Amino acid sequence: MLRDLLGILVLQKALLYGRINECCATDVENSYCIPALLVSSYTNKERGNMEFSTFYRELQNSTEMIRALLSGVEPGAARLKPSAVSWSILEVVCHLYDEEREDFREHLDFILHRQKEEWHVIDTEGWVTQRNYNDQNFAEMQGKFFVEREKSFAWLKGLQNPDWEKTYTTPYRTISAGEMFACWAAHDNLHLRQLVELRRLRLENLTKPYSLEYAGDW
Ligand code: NI
């Protein structure tokens with residue numbers, strides 16, 4: 001009797017683990033098991049349109065997330081650098097502004113329409129000092145970035161039948177228009193993470209001398 005019970009328990013455990021292994025985890029590290037969208041029946045154009053609206057929406061959402069992460073930050077705190085080489089919040093904003101004008105929109109337009117011209121070379125690290133990012137006016141730079149982002153949305157909406165499969169080969173890589181658009185959204189995401197880290201530093205300064213240990217590991 002006891003042996004039967006143990007057998008059932010072992011079997012249940014095996015079934016349970018089996019189910020756990022089959023089950024899709026939703027955390028980032030295990031996101032590979034989230035079922036892929038079935039797009040094989042779509043034509044390239046339909047898929048392109050679908051991707052366009054997805055990426056466009058992602059960019060809209062991340063614009064609002066950037067706005068939220070900048071809210072309430074005082075100009076002094078915006079200039080604070082975690083280390084000599086790490087960027088301040090103000091430097092991140094200046095970087096986003098320059099990237100908006102000189103990288104993603106520019107290069108996407110180049111791949112789609114202007115490949116006979118020269119690829120616009122950027123120097124994101126160099127610009128930080130060359131353009132004195134940390135000496136700029138924080139409120140002004142935020143305004144300028146959001147204006148440029150609105151220009152990008154208007155430009156994206158105005159695209160006529162863009163060929164997302166079209167590629168360009170730089171000395172470093174071959175990149176398609178669709179990939180450049182995806183990277184635009186991913187670039188926002190990367191700097192959102194950085195802004196969260198910088199807000200944590202600001203919060204640590206604001207909440208001194210309280211310990212933030214109870215909030216959880218950071
Ligand atoms: Ni960047």
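The exercises below, each with a worked solution, concern a predicted model of one chain.

**Exercise 1. Confidence and overall make-up**

Task: State how confident the prediction is along the chain, find where pLDDT stays under 50, and list the order of the secondary structure elements.

Solution:
- Step 1. The chain has a mean pLDDT of 85, and 80% of its residues reach 70 or more.
- Step 2. Residues 5-40 are the stretch where pLDDT stays under 50, and the model has five contacts beyond four places in sequence for them.
- Step 3. Where pLDDT is low, the predicted coordinates should not be read in detail.
- Step 4. Seven helices and two strands make up the secondary structure. Read from the N terminus, the order is α-α-α-α-α-α-β-β-α.
- Step 5. The chain has 218 residues, of which 17% count as buried. Among contacts with a separation of 6 or more, 70% join residues 24 or more positions apart.

**Exercise 2. The largest nonpolar core**

Task: Which residues of the largest nonpolar core touch the most other members, and which elements give two or more residues to this core?

Solution:
- Step 1. The largest nonpolar core has 17 residues; those touching the most other members are I89, L90, V92, V93, C94, Y97 and M141.
- Step 2. Two or more residues of this core come from each of helix 2 (44-70), helix 4 (89-113), helix 6 (138-157) and helix 7 (177-207).
- Step 3. Helix 4 gives the largest share, seven residues.
- Step 4. Take V93 as an example: beyond its neighbours within four places in sequence, V93 is in contact with L70, M141, Q142 and F145.
- Step 5. Another core, of seven residues, lies apart from this one and includes L108, W164, M180 and W184.

**Exercise 3. The two sides of helix 6**

Task: Compare the span of helix 6 with the expected value, then find where its buried residues fall when seen down the axis and which exposed residues sit on the face turned away from them.

Solution:
- Step 1. From first to last C-alpha, the 20 residues of helix 6 reach 29 Å, close to the 28 Å expected at 1.5 Å a residue.
- Step 2. The buried residues of helix 6 include F138, M141, Q142, F145 and R149.
- Step 3. Down the helix axis, the buried residues of helix 6 fall within an arc of 100°, so they line one face of the helix.
- Step 4. An α-helix has 3.6 residues a turn, so residues three or four places apart point the same way.
- Step 5. On the face turned away from the buried side of helix 6 are the exposed residues A139, E140, V147, E150, A154, W155 and K157.
- Step 6. Helix 2, helix 3 (75-79) and helix 4 are among the elements covering the buried residues of helix 6.

**Exercise 4. Q142 and Y56**

Task: Is Q142 buried or exposed, and how many residues lie between Y56 and K157 in sequence, set against their distance in space?

Solution:
- Step 1. Q142 belongs to helix 6. Q142 has 22 C-beta neighbours inside 10 Å and therefore counts as buried; the cut-off is 20 or more.
- Step 2. Leaving out residues up to four places away in sequence, Q142 touches L70 and V93.
- Step 3. Q142 and L96 are 46 residues apart along the chain, and their C-alpha atoms are separated by 9.3 Å.
- Step 4. Y56, in helix 2, is partly exposed, with 17 other C-beta atoms within 10 Å.
- Step 5. Y56 and K157 are 101 residues apart in sequence, but their C-alpha atoms are 8.9 Å apart in space.

**Exercise 5. Backbone details**

Task: Where is the kink in helix 4 centred, what are the phi values of N132 and N161, and which residues does a cis peptide bond join?

Solution:
- Step 1. Helix 4 has 25 residues and should span 36 Å at 1.5 Å a residue; the 34 Å between its end C-alpha atoms agrees with this.
- Step 2. Helix 4 nevertheless has a kink of about 50°, centred on E99.
- Step 3. N132 has phi near 45°, a positive value in a residue other than glycine. N132 lies in the loop between helix 5 (124-130) and helix 6, and counts as exposed with 11 C-beta neighbours inside 10 Å.
- Step 4. N161 also has a positive phi, near 40°. N161 sits in the loop between helix 6 and strand 1 (167-169), and is exposed, with 7 other C-beta atoms within 10 Å.
- Step 5. The cis peptide bond joins K208 and P209, with omega about 5°. P209 is in the segment after helix 7.

Notes
Residues numbered from 1 in each chain as written. Predicted model: local features only at pLDDT ≥ 70, side-chain atom pairs only at ≥ 80, totals over all residues. Core = buried A, V, L, I, M, F, W, Y, C linked by C-beta atoms within 7 Å. Buried ≥ 20, exposed ≤ 12 C-beta atoms within 10 Å, placed from the backbone. Helix = DSSP H or I, 4+ residues; strand = E, 2+ residues; numbered from the N terminus. Contact = placed C-beta atoms within 7 Å. pLDDT = per-residue confidence, 0-100. Expected span 1.5 Å × (residues − 1). Arc of directions from axis to C-beta. Bend = angle between axes of the 7 residues up to and from the residue.
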